[in-house]
There are 2 protein chains.
Amino acid sequence: MPAPEKPAARRTTRKVKGKPAPYHHGNLREALLEAGLELLRRDSAESLGLRELARQAGVSRTAPYRHFESKEALIAAIAEQGFLRLQAYQDEARRRHPDDVEAWFLEGARQYIRFAVDHPEHLKVMFGPYISHTPDQTDHPLYAVGNATFGKLVELVVSAQKAGLVRAGDPVEVSVSVWSLLHGFAMLLVQKQLDFLHLGPGRLAALAEQAAHDTLAAVRASPAASSAPRRRPPSR
Amino acid sequence: MPAPEKPAARRTTRKVKGKPAPYHHGNLREALLEAGLELLRRDSAESLGLRELARQAGVSRTAPYRHFESKEALIAAIAEQGFLRLQAYQDEARRRHPDDVEAWFLEGARQYIRFAVDHPEHLKVMFGPYISHTPDQTDHPLYAVGNATFGKLVELVVSAQKAGLVRAGDPVEVSVSVWSLLHGFAMLLVQKQLDFLHLGPGRLAALAEQAAHDTLAAVRASPAASSAPRRRPPSR
DNA sequence: AAAAAATGTTGACAACGACAACATCGTGCC
DNA sequence: GGCACGATGTTGTCGTTGTCAACATTTTTT
């Protein structure tokens with residue numbers, strides 16, 4: 001990528017002896033987010049501490065408060081970033097298969113899992129218990145981007161319904177099932193909860209591909225009513 | 001429930017003025033676990049602190065260390081308890097439908113969700129990032145009970161495969177898909193991640209029922225016997 | 001150039017997890 | 001019966017953390 005370099009942080013992580021370390025960092029905000037991800041990647045746990053981050057960024061302990069109201073706000077910012085990235089993954093699936101809804105669907109599922117594998121630390125923060133996912137704070141930017149991400153899924157489901165690929169019904173409800181399988185698989189992966197299966201990289205890929213197909217199967221329209229979006233057949 | 005009462009903690013939560021508060025609590029271990037669940041239920045967050053628990057149990061701050069090696073050990077104990085409870089929920093599904101595999105499967109799915117609704121705090125601890133779900137500690141009792149819980153699911157899947165209800169293939173892999181959908185739905189529920197849908201209790205029940213059916217659909221054997229090797233779907 | 005806003009720093013406080021040393025209770029052993 | 005010992009609970013202390021207040025320095029605006 002020959003793109004123009006970033007303004008380049010004056011301090012990356014540690015003080016440089018040659019220069020007297022400028023009083024202002026330059027781009028602390030980004031550096032903190034980056035350091036936060038790095039810490040989550042390594043330590044994987046809840047150890048993420050403001051002071052630790054400040055240390056990592058070569059800055060003093062309360063400096064982060066000039067950029068984030070609280071620890072939780074910082075984590076929320078990382079989560080927000082994560083949702084945007086996940087949306088990019090979803091967009092990629094659509095871009096690759098603009099004309100084939102089934103391929104789009106399957107690729108979307110794969111991309112969700114791929115995101116989890118590529119950026120587990122983001123996923124953990126997005127859906128972990130770190131952010132007080134309480135109540136009426138629907139004006140928080142995190143909510144907006146989260147809803148937008150879910151919205152992309154609903155769009156896909158609506159398209160699939162129109163094509164007769166996915167069963168009819170409230171697209172939001174269908175989307176919840178789709179999301180559930182992918183989210184569950186991704187979270188189990190990310191939290192090492194499947195390690196007891198001793199899956200090598202090949203076996204993991206097979207599991208992921210299977211999960212993608214099963215996701216479609218979970219909401220697939222019954223073949224009888226392929227192009228006629230109707231209510232489910234009278235089974236009971 | 002006319003069952004015999006427990007030995008009755010001498011101290012429940014607060015000191016009683018009448019008695020000089022006996023030096024020994026009597027059943028601190030249970031009291032701590034109970035208080036931990038209570039805290040998780042109320043505060044829902046990571047606030048769970050040893051000192052706080054000790055306070056709640058009317059005991060002094062380092063007393064818990066006589067019963068749990070560390071905070072993480074205490075949380076692991078709660079998680080273990082949760083897995084046992086989840087197994088009981090699963091057993092109930094089997095008990096209700098010993099002869100009908102499809103009904104057993106559906107009820108098992110419902111029971112998983114019911115467990116999440118009934119004991120969200122347990123679920124959060126079982127699958128949250130609190131316990132360092134690391135590596136070779138496969139001898140930890142938590143691993144054993146976790147594996148046993150998954151084992152129950154695999155049993156169900158194997159039975160369903162034999163009956164031609166669920167597609168053939170490695171039952172563990174099939175079980176992962178089943179688990180993924182249920183786990184994903186349960187976690188989204190428990191972490192209030194679906195609140196933006198504004199689901200009333202009725203709508204939630206509908207969603208849950210749909211999730212149960214979609215779970216079966218995700219791994220159902222195709223009626224045309226595409227991948228079902230020997231068994232014919234005798235439509236039961 | 002002066003004022004104001006942004007950004008970074010040190011000091012302080014309360015809370016926490018964990019360890020050590022000590023106190024008290026109960027139980028088994030002679 | 002007495003007593004030693006282990007189980008259990010307590011206080012003291014240390015290092016760490018999140019957060020606020022007060023102060024310092026830099027950048028931007030007027």
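Biologist: Which residue forms a salt bridge with Asp170(A), and how far apart are the closest N and O atoms?

Modeller: The partner of Asp170(A) is Arg203(B), and the closest N and O atoms of this salt bridge are 3.1 Å apart. Keep in mind that the model is predicted.

Biologist: How many salt bridges does the rule find across the interface of chain B and chain A?

Modeller: The rule finds six across that interface. Polar contacts are counted separately: there are 16 residue pairs in polar contact between chain B and chain A, both residues at pLDDT 80 or more.

Biologist: Which elements give two or more residues to the side of chain B that touches chain A?

Modeller: They are helix 5 (120-127), helix 6 (141-162), helix 7 (171-190) and helix 8 (201-219) of chain B. Helix 7 of chain B gives the most, with 13 residues. By class, this side of chain B has 21 nonpolar, eleven polar and eight charged residues.

Biologist: How many residues are in contact, and what area do the chains bury between them?

Modeller: On chain B, 40 residues are in contact with 40 residues of chain A. The two chains bury about 3700 Å² between them, and 56% of that is on carbon and sulfur atoms.

Biologist: Now the DNA. Which residues come nearest to DNA strand D?

Modeller: Begin with the list of residues around the strand, then look at single atoms. There are 23 residues around DNA strand D, and those that come nearest are Arg51(A), Ser60(B), Arg61(B), Thr62(B) and His67(B). Of the strand D atoms that come within 4 Å of the protein, sugar and phosphate account for 50%.

Biologist: What do Tyr65(A) and Ser60(B) lie close to on that strand?

Modeller: Each has an atom by a phosphate oxygen of DNA strand D: for Tyr65(A) a polar side-chain atom at 3.0 Å, for Ser60(B) a backbone N or O atom at 2.6 Å. Thr62(B) is placed by a base instead, with an N or O atom of its side chain 2.7 Å from a base oxygen of DNA strand D.

Biologist: Which element gives the most to the surface near DNA strand D?

Modeller: That is helix 2 (residues 50-56) of chain A, with three residues. The surface near DNA strand D divides into eight nonpolar, nine polar and six charged residues.

Biologist: Which residues come nearest to DNA strand C?

Modeller: Read strand C in the same order. Of 24 residues around DNA strand C, the nearest are Ser60(A), Arg61(A), His67(A), Arg51(B) and Arg55(B). Sugar or phosphate holds 52% of the strand C atoms within 4 Å of the protein, and bases hold the rest.

Biologist: Which atoms of DNA strand C do Ser60(A), Arg61(A) and Arg51(B) lie close to?

Modeller: A backbone N or O atom of Ser60(A) is 2.6 Å from a phosphate oxygen of DNA strand C. For Arg61(A), a polar side-chain atom is 2.5 Å from a base nitrogen of that strand. For Arg51(B), an N or O atom in the side chain is 2.2 Å from a base nitrogen of DNA strand C. Helix 2 (residues 50-56) of chain B gives the most to the surface near this strand, with three residues.

Biologist: How is a pair of aromatic rings described?

Modeller: By the distance of the centres and the angle of the planes. Over all chains the structure holds ten aromatic pairs. One of them joins Phe150(A) and Trp179(A), a tilted pair at 5.4 Å centre to centre with 50° between the planes.

Biologist: What does the pair of Phe150(A) and Trp179(A) tie together?

Modeller: Phe150(A) lies in helix 6 (residues 141-162) of chain A and Trp179(A) in helix 7 (residues 171-190) of chain A, so the pair links parts that are 29 residues apart in sequence.

Note on methods:
Residues are numbered from 1 along each chain as its sequence is written. Chains are lettered from A and ligands numbered from 1 in the order in which they are written. This is a predicted model: local features need pLDDT of at least 70, side-chain atom pairs count only at pLDDT 80 or more; totals for chains, interfaces and linings use all residues. Side-chain values use heavy atoms; hydrogens and water are left out. Contact means heavy atoms within 4.5 Å. Buried area is the accessible area (1.4 Å probe) that two parts lose on being put together, summed over both. A salt bridge is a side-chain nitrogen of Lys or Arg within 4 Å of a carboxyl oxygen of Asp or Glu. A polar contact is a pair of N or O atoms within 3.5 Å; within protein, one must be able to donate a hydrogen and the other to accept it, and residues adjacent in sequence count only if both atoms are side-chain atoms. Helices (H or I, at least four residues) and strands (E, at least two) are DSSP runs, numbered from the N terminus. Ala, Val, Leu, Ile, Met, Phe, Trp, Tyr, Cys and Pro count as nonpolar, Asp, Glu, Lys and Arg as charged, and the others, Gly among them, as polar. A residue is near a molecule or strand if one of its heavy atoms lies within 4 Å of it. Rings of Phe, Tyr and Trp (its six-membered ring) pair if their centres lie within 6.5 Å; planes under 30 degrees apart count as stacked, over 60 as edge-to-face and the rest as tilted.
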